[in-house]
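Here is a colleague's note to read beside the model, written as numbered points. Please keep the sequence and the 3D view open while you go through it.

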Amino acid sequence: MNKTICSTCLSGVLVAVSPPALAERADREKPIHLEADRLSLDDLNKVQTLEGNAVLIQGTTELRTARLVVTQDADGFQKATATGGANGLARFRQKRDGVDEYVEGEAERIEYDARSDTTQFFNRAWVRSGQDEVRGRYISYDAINEKFLVTTGAGTTKTASGEAQARVRAIIQPKAKGDAVTETRKEPLNLKPAARVAPRND
C-alpha cells in the first residue's frame, strides 16, 4: 500500500536521534531516521521515497539530498540512493571510528549500504577524510576497513566514444611527527635477479 506523508507529519521524526555514537562501527545497527518535505511509502515492497530537503541519519551517518529512495532487504538492512541537492550534488557525512574526524563527500548520486557500511559516489565525486581528499568520476568508501577506491568511472577507463576519462586526483597531507607510528624492525628484504632478464653489456 502506498502512502504520502507531508512534512508537517514528520516534524517529530528526528527528535529521537541519539548523540554521536562512541563506537561508530555500530552505526549500521542503529535505526534510520528520515525527514523530507514529502514522503511516499510502499509497504508491500519496503520502499520509501523522500523528496524536498531529504535527510537520512543513522548514528553518525548523514545523507542530505533533494531526492532519497530507501529500500529494505529481507534482513531489515536499508540501502539509500541520494540524488540532487545544492548545485545538483547530494552530501554525505560520517564520523570515523575512534578519532574525532569525519569523512565527508558529495556527488550527483550517492548510494549508501547500511549492511556493509559502504558508500558509493557517482559523477563529480569528492570525498575528504581529515585533511586528505580524493576526486574522481567514481569513489567507493568502505567505512569498516577505512578504504577508498577511486576511478575515472565505475570500473571504466574510457568514455562511450572511446576517449580517455579525466585522471583521478588525491591530496594527502603529511602526518605530524607525533602521529607517526613506531615501526617494528623487520628483516631486510632480499632482492633476487629475475630469471628472464639478461644484464645489459653497455
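1. A good residue to begin with is Tyr 141, which counts as buried because its relative accessibility is 3%, where buried means under 20% relative accessible area, exposed means over 50%, and partly exposed lies in between (1.4 Å probe, protein chains only). Phe 148, by contrast, is partly exposed, with a relative accessible area of 35%.

2. Before going further, please note that this is a predicted model, in which local features need a pLDDT of at least 70 and side-chain atom pairs count only at pLDDT 80 or more, while totals for chains, interfaces and linings use all residues. Residues are numbered from 1 along each chain as its sequence is written, and side-chain values use heavy atoms, with hydrogens and water left out.

3. On confidence, the mean pLDDT of the protein is 74, and 62% of its residues reach 70 or more; pLDDT is the predictor's confidence in each residue, from 0 to 100. Among the elements, strand β1 (residues 2-6) has the lowest mean pLDDT, 47, and strand β9 (residues 109-113) has the highest, 95. The pLDDT is below 50 over residues 157-161, a stretch that has 6 contacts in the model beyond near neighbours in sequence, a contact being heavy atoms within 4.5 Å. It is also below 50 over residues 180-195, and that stretch has 0 contacts beyond near neighbours in sequence.

4. The secondary structure comes to 0 helices and 13 strands, where helices (H or I, at least four residues) and strands (E, at least two) are DSSP runs numbered from the N terminus. Of the 202 residues of the protein, 31% count as buried. Among the contacts with a separation of 6 or more, 40% are accounted for by residues 24 or more positions apart. The protein exposes about 13500 Å², and carbon and sulfur atoms supply 50% of this area, computed by the Shrake-Rupley method with a 1.4 Å probe, where for residues only the protein chains shown count as cover.

5. How many aromatic pairs does the structure hold? There are 3 of them, a pair being rings of Phe, Tyr and Trp (its six-membered ring) whose centres lie within 6.5 Å, with planes under 30 degrees apart counted as stacked, over 60 as edge-to-face and the rest as tilted. One of them joins Phe 92 and Phe 121 in an edge-to-face arrangement, 5.7 Å centre to centre and with 85° between the planes. This pair links distant parts of the chain, since Phe 92 is in strand β7 (residues 90-95) and Phe 121 is in strand β10 (residues 118-129), 29 residues apart. Both Phe 92 and Phe 121 are buried. The rings of Tyr 141 and Phe 148 have centres 4.8 Å apart and planes at 25°, so that pair is stacked.

6. The largest nonpolar core has 26 residues, of which Leu 50, Leu 63, Leu 68, Phe 92, Ile 110 and Phe 121 touch the most other members; such a core is a set of buried Ala, Val, Leu, Ile, Met, Phe, Trp, Tyr and Cys residues joined through side-chain atoms within 4.5 Å. Leaving aside residues up to four places away in sequence, Phe 121 touches several residues, including Phe 92, Ile 110, Val 127, Ile 139 and Tyr 141.

7. Two arginines lie over aromatic rings. Arg 93 lies over the face of Tyr 102, at 3.7 Å from the ring centre, and Arg 109 lies over the face of Phe 122, at 3.9 Å from the ring centre. For this, NZ of Lys or CZ of Arg must be within 6 Å of the ring centre and within 35 degrees of the ring normal.

8. Two backbone angles deserve a look. Asn 87 has a positive phi of about 60° although it is not a glycine; Asn 87 is found in the loop between β6 (78-83) and β7, and it is exposed, with a relative accessible area of 64%. Arg 124, also not a glycine, has a positive phi of about 50°, but its place is in strand β10, and at 45% relative accessibility it counts as partly exposed.

9. Finally, consider Asp 113, in strand β9, which is buried at 17% relative accessibility. Asp 113 and Gln 78 are 35 residues apart in sequence and 6.5 Å apart in space, C-alpha to C-alpha. Beyond its neighbours within four places in sequence, Asp 113 is in contact with Gln 78, Lys 79 and Thr 118.
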